[in-house]
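Reader: Could you walk me through some of the packing in this structure? I would like to hear the reasoning behind each answer.

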Amino acid sequence: AAPETCRRQIEKDVPRTRPGDLNEKQRAALGRVLLRFSVLRPKVGYCQGLNFIVAVQLLAGLTEKQTLGGLKSLTDNYCEGYYEESMRGLLRDIAVLDALLLLLLPKIHARFAEVDLPLLWIAAEPLLTLFSRELKNIESICRLWDFFLIEGPCAPFAVFLAYAELAQERNLLTGAAAEDTLGAFRLLLGDTGAIAGSVLRRAALFLAPRPFGGGLNDTLLARLRQEADQSFRASPT
């Protein structure tokens, strides 16, 4: 049986997960899949963010069994350590994103620092939900996830970089306060046209091999993750 704390939180979150999209039968299925996952992954239990990943699959027409399998596969491959109590994997990968911004988009990295916008504020939700909360169109999310499945673990990082680059080009990062930039970035995350237009093309360019090495690849990702883990271990608790 699922822990009572998980059960109570799931019961709270189900009604407020895509309330305008899920019907009563789908909401019941959402609760059952999340409860089953909490039993199968006791180290994780339930964490907010999982509900949106499940909802998208149910709205795409998957069965509960298929949805549970999809949830396990997506979180194992792209969200390792994200949903643990310490959120060590999420914090590690936000540190990786920070390093990637500095390396590949230094002007945007400097802009976030200028307005004192912690990357945690802007990146946590997209990573925890695999970009499925702000983006409402199911077909667009499925296109995004197909890109993840084809390109592998680097893909979510490349997509975030693509959104950041597009935000800069659209002058969405010019707000004087961190909250202004955060709000504008979230609006972009919900823009279906961005997926159809240029986000995936831009993300693919970040993943493309570059002359004399470079570019975002599995080797760079592994090195940056290792450096982030070492930094966390060296930090005082």
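Reader: How are H2 and H4 oriented to each other?

Author: Happy to start there, with the reminder that this is a predicted model. Helix H2 (residues 24–40) packs against helix H4 (residues 64–78) with the axes 10 Å apart and at an angle of about 50°. That angle is neither under 35 degrees nor in the range of 65 to 115. H2 and H4 are therefore oblique.

Reader: Thanks! What is the handedness of the crossing where H2 passes H4?

Author: This one follows from the sense in which one helix is turned from the other. For H2 passing H4, the crossing is right-handed.

Reader: How do the residues of the contact of H2 with H4 divide into nonpolar, polar and charged?

Author: From H2 come Ala 29, Arg 32, Val 33, Arg 36, Phe 37 and Leu 40, and they meet Glu 64, Thr 67, Leu 68, Leu 71, Lys 72 and Thr 75 of H4. Sorted by type, the contact has two polar, four charged and six nonpolar residues.

Reader: Turning to the rings, why does the pair of Phe 160 and Phe 185 count as tilted?

Author: Good one to check by hand. The count of aromatic pairs is five. In the pair of Phe 160 and Phe 185, the ring centres are 5.5 Å apart and the planes stand at 45°, so the pair is tilted.

Reader: How far apart in sequence are the parts that this pair ties together?

Author: Both Phe 160 and Phe 185 are buried. Phe 160 belongs to helix H9 (residues 155–169) and Phe 185 to helix H10 (residues 178–189), so the pair ties together parts whose separation in sequence is 25 residues.

Methods:
Residues are numbered from 1 along each chain as its sequence is written. This is a predicted model: local features need pLDDT of at least 70, side-chain atom pairs count only at pLDDT 80 or more; totals for chains, interfaces and linings use all residues. Side-chain values use heavy atoms; hydrogens and water are left out. Rings of Phe, Tyr and Trp (its six-membered ring) pair if their centres lie within 6.5 Å; planes under 30 degrees apart count as stacked, over 60 as edge-to-face and the rest as tilted. Helices (H or I, at least four residues) and strands (E, at least two) are DSSP runs, numbered from the N terminus. Buried means under 20% relative accessible area, exposed over 50%, partly exposed in between (1.4 Å probe, protein chains only). Axes are lines fitted to C-alpha atoms, for helices over the stretch in contact, and angles run from 0 to 180 degrees between N-to-C directions. Angles under 35 degrees count as roughly parallel, over 145 as roughly antiparallel, 65 to 115 as roughly perpendicular and the rest as oblique. A crossing is left-handed if the near helix is turned anticlockwise from the far one by less than a right angle, and right-handed if clockwise. Contact means heavy atoms within 4.5 Å. Ala, Val, Leu, Ile, Met, Phe, Trp, Tyr, Cys and Pro count as nonpolar, Asp, Glu, Lys and Arg as charged, and the others, Gly among them, as polar.
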